[in-house]
Amino acid sequence: MKASQDYLVTVIEDTRTKQVIGTGSLILEQKFIHECALKGKIEEVVVDDTYRGKELGKLLIAVLVKLAKHFQCYKLTLDCADHMIPFYETFGFQKKNNFMQIYF
């Protein structure tokens with residue numbers, strides 16, 4: 001991950017305890033069908049239970065959206081649980097398509 005320039009990790013640290021209390025990742029992917037333009041995907045957004053309610057999740061998403069704009073992504077996606085849809089809609093995300101997966 002460190003060597004890749006396509007995987008950007010944002011971290012929030014409690015400087016008093018030196019503990020990571022929140023994180024989120026932006027993955028940049030070139031899309032062949034869009035003339036190799038960049039698509040961004042937000043993954044692994046999490047805030048420590050003891051720090052929830054302090055709007056740190058909002059801060060993480062705002063930073064990741066800003067990074068996607070900085071890298072001129074033509075679109076930004078994320079997967080989330082149904083109960084989180086209203087939260088992400090406040091940032092302009094819209095529910096679109098179906099998501100399928102297979103585990104190995």
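**View A. The salt bridge between Asp 79 and Lys 41.** Asp 79 and Lys 41 form a salt bridge whose closest N and O atoms are 3.0 Å apart. A salt bridge here is a side-chain nitrogen of Lys or Arg within 4 Å of a carboxyl oxygen of Asp or Glu. Asp 79 lies in the loop between strand E4 and helix H2 (85–89), while Lys 41 belongs to strand E3 (residues 37–47), so the salt bridge ties together parts that are 38 residues apart in sequence. Helices (H or I, at least four residues) and strands (E, at least two) are DSSP runs, numbered from the N terminus. With a relative accessibility of 42%, Asp 79 counts as partly exposed. In these legends, buried means under 20% relative accessible area, exposed means over 50%, and partly exposed is in between (1.4 Å probe, protein chains only).

The model is predicted: local features need pLDDT of at least 70, side-chain atom pairs count only at pLDDT 80 or more, and totals for chains, interfaces and linings use all residues. Residues are numbered from 1 along each chain as its sequence is written, and side-chain values use heavy atoms, with hydrogens and water left out.

**View B. Other salt bridges.** The structure holds 6 salt bridges. One of them joins Arg 52 to Asp 49, with the closest N and O atoms 3.2 Å apart. Asp 49 counts as exposed at 60% relative accessibility. In another, the side chains of Glu 55 and Lys 58 meet at 3.7 Å, N to O. Glu 55 is exposed, with a relative accessible area of 53%, whereas Lys 58 counts as partly exposed at 38%. Salt bridges that share partners also join Lys 41, Glu 43 and Asp 79 into one network.

**View C. The sheet.** An open sheet is formed by 4 strands in the order E1-E2-E3-E4, with mixed pairing. Two strands pair if DSSP finds at least two bridges between them. Strand E1 (7–14) and strand E4 (75–78) are at the edges and have a single partner strand each, so one side of each has no neighbour in the sheet. From one strand to the next, the twist averages 20°. For such angles, axes are lines fitted to C-alpha atoms, for helices over the stretch in contact, and the angles run from 0 to 180 degrees between N-to-C directions.

**View D. The hairpin of E1 and E2.** E1 and strand E2 (residues 19–31) run antiparallel and are joined by 8 bridges. Across this pair, Tyr 7 stands opposite Ile 27 in E2, and Val 9 stands opposite Ser 25 in E2. The hairpin has 4 residues between its two strands, and Lys 18 in the turn has a positive phi of about 60°.

**View E. The loop between E2 and E3.** Glu 35 lies in this loop, and so does Cys 36. Glu 35 is a residue other than glycine with a positive phi, near 55°. Cys 36 is not a glycine either, and its phi is positive at about 65°. Glu 35 is exposed, with a relative accessible area of 76%; Cys 36 is partly exposed, at 39%.

**View F. E3 beside E4.** E3 and E4 run parallel, with 4 bridges joining them. Ile 42 stands opposite Leu 78 in E4. Side chains alternate along E4: Leu 76 and Leu 78 point to one face and are buried, while Lys 75 and Thr 77 point to the other and are not buried.

**View G. The largest nonpolar core.** This core has 13 residues, of which Leu 26, Ile 42, Ile 61, Leu 76 and Phe 93 touch the most other members. A nonpolar core is a set of buried Ala, Val, Leu, Ile, Met, Phe, Trp, Tyr and Cys residues joined through side-chain atoms within 4.5 Å. At least two residues of the core come from each of E2, helix H1 (56–70) and E4. H1 gives the largest share, 4 residues.

**View H. A nonpolar patch on the surface.** Met 1, Val 9, Val 11 and Val 20 form this patch, which has about 390 Å² of accessible area together. Patches are made of residues with over 30% relative accessible area and no salt bridge; like charges are joined within 9 Å and nonpolar side chains (Val, Leu, Ile, Met, Phe, Trp, Tyr) within 5 Å. Accessible areas come from the Shrake-Rupley method with a 1.4 Å probe, and for residues only the protein chains shown count as cover. Met 1 is found in the segment before E1 and counts as exposed at 65% relative accessibility.
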